[in-house]
Amino acid sequence: MSESGDNQQIAPGTPRVLPVILSGGSGTRLWPRSRRHYPKQLLKLLGSLSMLQETVRRVDHLAAGLVVCNDDQRFLVANQLLELDYKPEAILLEPVARNTAPAIAMAALRTMQTHSDPILVVLPADHMIRDQQKFGEALQRGVERAAKGYLVVFGV
């Protein structure tokens, strides 16, 4: 559970819930601060944690998940996870950046090798969510619906 204690626990009897954190990026959106080898999700823009680390904190009460990143950033991502003492199930490396759908597909295929029908919570590592309590509540409701066979998508 995160230090803030704001995350809600997933209901007992729910299938395994695995976070998939998408930490790819080209580093072009916040140039010059963000750049190819140091994109915005690795920056500490709003506090002492990077956007990637904030994302991990939102779901660290779930099972150890997967982090998808590109090969150029693998060591930076691993170091930021280590700073949180977060041990993901795997860090998957994208051989070539192909956007969101292939990254999710790669993570889904990987989880099918090691888990029996888990619920994947796919989270971009570059989103800012101010109200952690509401996020936790929405996540809980989404997981409950996904456990019943629904496809759940959050959007802003």
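This passage walks through the fold, the strand β1, a few individual residues and the side-chain contacts of a predicted model.

The overall layout is a good place to start. The protein chain holds 4 helices and 4 strands, and from the N terminus on these elements follow the order β-α-β-α-β-α-β-α. Of the 156 residues in the protein chain, 39% are buried.

Strand β1, which spans residues 17-22, is a helpful landmark within this arrangement. This strand is largely enclosed by the rest of the structure, because 6 of its 6 residues are buried. In a regular strand, side chains alternate between the two faces of the sheet. Here V17, P19 and I21 point one way from β1, while L18, V20 and L22 point the other way. The residues of both sets are buried.

The neighbours of β1 in the sheet can be followed through its pairings. With strand β4, residues 119-124, β1 pairs in the parallel sense over 6 bridges. Within this pairing, V17 of β1 stands opposite I119 in β4. Strand β2, residues 66-70, also pairs with β1 in the parallel sense, over 3 bridges. Here the bridge partner of V20 is L66 in β2.

Strand β3 takes in residues 90-94, with E94 among them. Although this residue carries an acidic side chain by name, the point of interest here is its setting: E94 has a relative accessible area of 9% and so counts as buried, the cut-off being under 20%. E94 also comes close in space to a residue some way off in the sequence, D71. The two are 23 residues apart in sequence, yet their C-alpha atoms are 6.4 Å apart.

Two aspartates in loops invite a look at the backbone. D85 is found in the loop between α2 (74-83) and β3. Its phi is positive, at about 60°, although D85 is not a glycine. With a relative accessibility of 54%, D85 lies above the 50% cut-off and therefore counts as exposed. D117 belongs to the loop between α3 (100-114) and β4. For D117, phi is near 55°, again a positive value in a residue other than glycine. D117 is exposed as well, its relative accessible area being 66%.

On the surface, L45, L46 and M128 make a nonpolar patch of about 300 Å². One of these residues, L45, is found in the loop between β1 and α1, the latter covering residues 51-59. L45 is partly exposed, with a relative accessible area of 32%. Why can L45 belong to such a patch? Patches are made of residues with over 30% relative accessible area, and L45, at 32%, therefore meets that requirement.

Aromatic rings round off the picture. The count of aromatic pairs comes to 0. Two rings do, however, have an arginine over the face. R58 lies over the face of F135, at 6.0 Å from the ring centre. R145 lies over the face of Y150, where the distance to the ring centre is 3.8 Å.

Definitions and conventions. Residues numbered from 1 in each chain as written. Predicted model: local features only at pLDDT ≥ 70, side-chain atom pairs only at ≥ 80, totals over all residues. Heavy atoms only, no water. Phe/Tyr/Trp six-rings, centres within 6.5 Å; stacked < 30°, edge-to-face > 60°. Lys NZ or Arg CZ within 6 Å of the ring centre and 35° of its normal. Patch = residues over 30% accessible without salt bridge, like charges linked within 9 Å, V, L, I, M, F, W, Y side chains within 5 Å. Areas by Shrake-Rupley, 256 points an atom, 1.4 Å probe, with all protein chains shown as cover. Salt bridge = Lys/Arg side-chain N within 4 Å of Asp/Glu carboxyl O. Buried < 20%, exposed > 50% of the residue type's maximum accessible area, 1.4 Å probe, protein only. Pairing = 2+ DSSP bridges.
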